[in-house]
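Reader: I am new to this structure and would like to know how its descriptions are justified. Please set each value against the rule behind it.

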Amino acid sequence: MEDSQRHKSEESLSWTVHPASESPVRAGLTVMFIAMVAGALYQATGILLYSAITSIALPVTLAPFFMPATYTLDSAGVTVRRMGRTRILKWDQIRTVTYSAANVYVSPHTVKSFRDHRGILILCPNNRAAVVDYIKKVQ
């Protein structure tokens, strides 16, 4: 994983995460799985179009794993930039913070829900302590 930590100012914490380079074995297995599914689909149906659609659709759905994401924690809130999109969750919107071994999940909901799509999963495998300290300091 590429994790270059930069301090834009004393009030912010910023880093880039690339999940596929963090786990090259998993990335290789994922690519092999996509190729095997496309090949099996062609063998089963004999229609190349289905295989081509699968070869495009699966990587698109798995793009967050293959593309880098830049996280910024600053006085405004949590910002994630990935694949040309920017998501911002302001500190006053955050109601729940869940800590795990290498991630922190911030959510605007007070109750956990499997349908919570508004929260942000902050990947921080190499700087978890700094991220946790920053979040606790801000909240």
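Author: A first example is a charge over a ring: Lys136 lies over the face of Tyr99, at 5.4 Å from the ring centre. The model is a predicted one.

Reader: What makes Lys136 count as lying over the face of Tyr99?

Author: The rule asks for NZ of Lys within 6 Å of the ring centre and within 35 degrees of the ring normal. Lys136 is at 5.4 Å from the ring centre of Tyr99 and lies over its face.

Reader: How many aromatic pairs are there?

Author: The count comes to three aromatic pairs. One of them is formed by Trp15 and Tyr71, with 5.5 Å centre to centre and 20° between the planes.

Reader: Why is the pair of Trp15 and Tyr71 called stacked?

Author: Ring centres must lie within 6.5 Å to pair, and planes under 30 degrees apart count as stacked. The values for Trp15 and Tyr71 are 5.5 Å and 20°, so the pair is stacked.

Reader: Where in the chain are Trp15 and Tyr71?

Author: Trp15 is in strand E2 (residues 13-17) and Tyr71 is in strand E3 (residues 69-73). They are 56 residues apart, and the pair links distant parts of the chain.

Reader: How do you know whether Trp15 and Tyr71 are buried or exposed?

Author: Buried means under 20% relative accessible area. Trp15 has 0%, so it counts as buried. Tyr71 has 1%, so it counts as buried too.

Reader: What makes the pair of Phe65 and Phe66 edge-to-face?

Author: Planes over 60 degrees apart count as edge-to-face. For Phe65 and Phe66 the angle is 75°, with 5.1 Å centre to centre, so the pair is edge-to-face.

Reader: Why do Phe65 and Phe66 get separate labels?

Author: Phe65 has a relative accessible area of 17%, so it is buried. Phe66 has 23%, so it counts as partly exposed. The cut-off for buried is under 20%, and exposed means over 50%.

Reader: What is the overall make-up of the protein?

Author: There are five helices and eight strands. Along the sequence they follow the pattern β-β-α-α-α-α-β-β-β-β-β-β-α.

Reader: Why is the protein called more spread out than a compact globule?

Author: Its radius of gyration is 18 Å, whereas the globule rule gives 14 Å for 139 residues. The value is well over the rule, so the protein is more spread out than a compact globule. Its C-alpha atoms fill a box of roughly 60 × 30 × 25 Å along the principal axes.

Reader: Which residues have the most contacts inside the largest nonpolar core?

Author: They are Trp15, Leu73, Val106, Ile122 and Val131, in a core of 21 residues. Elements that give two or more residues to this core include E2, E3 and helix H5 (128-138). The largest share, four residues, comes from H5.

Reader: What does Ile122 contact beyond its neighbours within four places in sequence?

Author: Among its contacts are Trp15, Tyr71, Leu73, Val106 and Val131. Contact means heavy atoms within 4.5 Å.

Reader: Why is Thr79 called buried, and Gly28 partly exposed?

Author: Thr79, in strand E4, has a relative accessible area of 7%, so it is buried. Gly28, in helix H2 (residues 24-45), has 30%, so it is partly exposed. Partly exposed covers what lies between 20% and 50%.

How values were computed. Residues numbered from 1 in each chain as written. Predicted model: local features only at pLDDT ≥ 70, side-chain atom pairs only at ≥ 80, totals over all residues. Heavy atoms only, no water. Phe/Tyr/Trp six-rings, centres within 6.5 Å; stacked < 30°, edge-to-face > 60°. Buried < 20%, exposed > 50% of the residue type's maximum accessible area, 1.4 Å probe, protein only. Rg over C-alpha atoms; globule rule 2.2 N^0.38 Å. Core = buried A, V, L, I, M, F, W, Y, C linked by side-chain atoms within 4.5 Å.
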